[in-house]
Amino acid sequence: MTKTIGYRGWRWKAVWWQRFFLLWTTIEAQTRYGIPEELKPGSVVGNLAKDLGLSLSEIFDRKLRVASEAGEQYFSVDAGKGELVVNDRIDREALCGQSASCVLPLQLVIENPLHLHRLEVEIKDINDNSPVFQAKELSLKIAESAAVGTRFLLETAEDLDVGCPCCLW
């Protein structure tokens, strides 16, 4: 009777490991690229052929295409080179507002047989907006008796890249 229980325990473990490895092989990694905002149309984001392990003929024959989850098609696939390229200029502030991170989720669709791959493109901020002050000039009246190193608070400036008014000292 002891041998039967041991045999069942071993058999259960073998089945569990088999299912674990089966699931492990079906899980695919998600690809993520990072680009600065305001790239020119036609700029290369990444090499999909290399990153997905596909040949250029497979990309063309299986009709690899990009479907955007955001609605607008900022990216396309250059089937001749297997590269993900920018279709249109991307303004991070207009797309993501004041969010700390800006990630565009994409779906890569490959036909015959159908495969879907998730892809994320992180849009990194560049300092393309200068701070703006409300007043063009500021007059300070400083007494002669002011101590050396005294600091004076200036009005706040608005910087669209940062998202909140910044105090300049």
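Start by selecting Ser-68 and Leu-106: Leu-106, in strand 6, is the bridge partner of Ser-68. The model on screen is a predicted one.

**Strand 6 and its partners**

Now widen the selection to strand 3 (residues 65–68) together with strand 6. The two pair in the antiparallel sense, over 4 bridges. Next, add strand 7 (115–124). Strand 6 and strand 7 are also paired in the antiparallel sense, here over 8 bridges. To see one of these pairs, pick Leu-104 and look across to its bridge partner in strand 7, Val-121.

Follow the chain from strand 6 into strand 7. This hairpin has 4 residues between the strands, and Asn-112 takes a positive phi near 55° there.

Is strand 6 mostly covered or mostly open? Strand 6 is mostly covered, with 6 of its 8 residues buried.

**The nonpolar core**

Select Ile-35, Phe-75 and Leu-84. In the largest nonpolar core, which has 22 residues, these three touch the most other members. At least two residues of this core come from each of strand 1 (31–36), helix 2 (48–52), strand 5 (83–86), strand 6 (103–110) and strand 7. Which strand gives the most to the core? Strand 6 does, with 4 residues.

Keep Ile-35 selected and show what surrounds it. Leaving aside residues up to four places away in sequence, Ile-35 touches Val-45, Phe-75, Val-86, Ile-90, Val-121, Glu-122, Ile-123 and Lys-124. Val-121 in that list is the bridge partner of Leu-104 seen earlier.

**A patch on the surface**

Switch to a surface view and select Leu-138, Leu-140, Ile-142 and Phe-152. They make a nonpolar surface patch of about 360 Å². Phe-152 lies in the loop between strand 7 and strand 8 (156–157). Why can Phe-152 count as partly exposed? Its relative accessible area is 31%, and partly exposed covers the range between the limits of under 20% for buried and over 50% for exposed.

**The whole chain**

Clear the selection and show everything. The chain has 4 helices and 9 strands. Read from the N terminus on, the elements run α-β-β-α-α-β-β-β-α-β-β-β-β. Of the 169 residues, 24% count as buried. The accessible surface comes to about 12400 Å², and carbon and sulfur atoms hold 57% of that surface. Among contacts with a separation of 6 or more, 59% are between residues 24 or more positions apart.

How values were computed. Residues are numbered from 1 along each chain as its sequence is written. This is a predicted model: local features need pLDDT of at least 70, side-chain atom pairs count only at pLDDT 80 or more; totals for chains, interfaces and linings use all residues. Side-chain values use heavy atoms; hydrogens and water are left out. Patches are made of residues with over 30% relative accessible area and no salt bridge: like charges are joined within 9 Å, nonpolar side chains (Val, Leu, Ile, Met, Phe, Trp, Tyr) within 5 Å. Accessible areas come from the Shrake-Rupley method with a 1.4 Å probe; for residues, only the protein chains shown count as cover. A salt bridge is a side-chain nitrogen of Lys or Arg within 4 Å of a carboxyl oxygen of Asp or Glu. Buried means under 20% relative accessible area, exposed over 50%, partly exposed in between (1.4 Å probe, protein chains only). A nonpolar core is a set of buried Ala, Val, Leu, Ile, Met, Phe, Trp, Tyr and Cys residues joined through side-chain atoms within 4.5 Å. Contact means heavy atoms within 4.5 Å. Two strands pair if DSSP finds at least two bridges between them.
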